[in-house]
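Visitor: I am new to this structure and would like a close look at one part of it. Please start from a single contact and work outward.

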Amino acid sequence: MSPEPDRASAIAGLMRAGRETSRLSMVFRYAVADRLGLTVSDLECLDFLADAGSATAGQVAERTNLTTGAVTSMLRRLQQAGYVTADRDPADRRRVIVTLRPERVAELEKPYERFAERAERLIEGYTVEELLLLVRHFERMQAMYLAELSAFPEGGNATTAPPAARPRNG
């Protein structure tokens, strides 16, 4: 038997598994956001701030792929709910620095605890080489997503690519 049909079958299986993982990831994110009384965009913003520590409103807009107007509304909502603080940048009073309130982090992590424990057990079964392969795969997938986002027409809505992913003119 030729190795090509086995490869084709493996590729088809990988693509199917990737689509199903993506779908379940989205369903999970929506469920977590709903459980916390947030939108998925709110949750993405808070996840970004948990990683970054703090960011400007413009950086939040880039990361969440939302318009600056949508980010302003979201940050106001998150600030009123007590999730973030928003202070003027002392170096540039036009910019706002947004910071996740540390006392709210445990609340945001709670819905992920069981999943994180299961993921940790799953990862224990991989060799270092396998883990490095997975990291390369995910990094390449991220680059592909950014390239695809940059191909969308610019229209100032949430379907356009973040400015960092858009091709530069001139």
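Visitor: Which residue has a side-chain polar atom that lies 2.8 Å from the backbone oxygen of Ala-81?

Guide: The residue is Arg-104: a polar atom of its side chain lies 2.8 Å from the backbone oxygen of Ala-81. Please keep in mind that this is a predicted model.

Arg-104 sits in the loop that runs between strand S3 (92–100) and helix H5 (105–109). Its relative accessible area is 16%, and because buried means under 20%, Arg-104 counts as buried. Setting aside residues up to four places away in sequence, Arg-104 touches Ala-81, Gly-82 and Tyr-83.

Another arginine can be described in the same terms. Arg-29 belongs to helix H1 (residues 3–36). With 14% relative accessibility, Arg-29 is also classed as buried. Its side chain makes a polar contact with the side chain of Glu-44, at 2.7 Å. If neighbours within four places in sequence are left aside, the residues in contact with Arg-29 are Val-40, Leu-43, Glu-44, Asp-47 and Tyr-112.

Val-40 and Leu-43 lead on to helix H2, since both are listed among the buried residues of H2. The others on that list are Asp-42, Cys-45, Leu-46, Phe-48 and Leu-49. As background, an α-helix has 3.6 residues a turn, so residues three or four places apart point the same way. The length of H2 can be checked too: its 13 residues, at 1.5 Å a residue, should span 18 Å, and the end C-alpha atoms are 18 Å apart, which agrees. After H2 comes Gly-53, which has a positive phi near 90°.

H2 also packs against another helix. The axes of H2 (residues 40–52) and H4 (residues 68–80) come within 11 Å of each other and cross at roughly 75°. H2 is therefore roughly perpendicular to H4. On the H2 side the residues are Ser-41, Asp-42, Cys-45 and Leu-46, and they meet Met-74, Leu-75, Arg-77 and Leu-78 of H4. Sorted by class, this contact has five nonpolar, one polar and two charged residues. Asp-42, Cys-45 and Leu-46 take part in this contact and are also buried.

Ahead of H4 is the loop from helix H3 (57–64), and Asn-65 is found there. Most residues other than glycine have a negative phi. Asn-65, however, has a positive phi, near 65°, and is not a glycine. Asn-65 is buried as well, because its relative accessible area of 12% is under 20%.

Helix H6 (residues 113–124) gives another picture. None of its 12 residues is buried, so H6 lies largely in the open. At 1.5 Å a residue those 12 residues should span 16 Å, and the end C-alpha atoms are 17 Å apart, which agrees.

Finally, here is the setting for these parts. The protein has seven helices and three strands, and along the sequence they follow the pattern α-α-β-α-α-β-β-α-α-α. Of its 170 residues, 22% count as buried; Arg-104 is one of the buried residues. Among contacts between residues at least 6 apart in sequence, 45% join residues at least 24 apart.

Conventions
Residues are numbered from 1 along each chain as its sequence is written. This is a predicted model: local features need pLDDT of at least 70, side-chain atom pairs count only at pLDDT 80 or more; totals for chains, interfaces and linings use all residues. Side-chain values use heavy atoms; hydrogens and water are left out. Axes are lines fitted to C-alpha atoms, for helices over the stretch in contact, and angles run from 0 to 180 degrees between N-to-C directions. Helices (H or I, at least four residues) and strands (E, at least two) are DSSP runs, numbered from the N terminus. Angles under 35 degrees count as roughly parallel, over 145 as roughly antiparallel, 65 to 115 as roughly perpendicular and the rest as oblique. Contact means heavy atoms within 4.5 Å. Ala, Val, Leu, Ile, Met, Phe, Trp, Tyr, Cys and Pro count as nonpolar, Asp, Glu, Lys and Arg as charged, and the others, Gly among them, as polar. Buried means under 20% relative accessible area, exposed over 50%, partly exposed in between (1.4 Å probe, protein chains only). A polar contact is a pair of N or O atoms within 3.5 Å; within protein, one must be able to donate a hydrogen and the other to accept it, and residues adjacent in sequence count only if both atoms are side-chain atoms. The expected span of a helix is 1.5 Å times one less than its number of residues.
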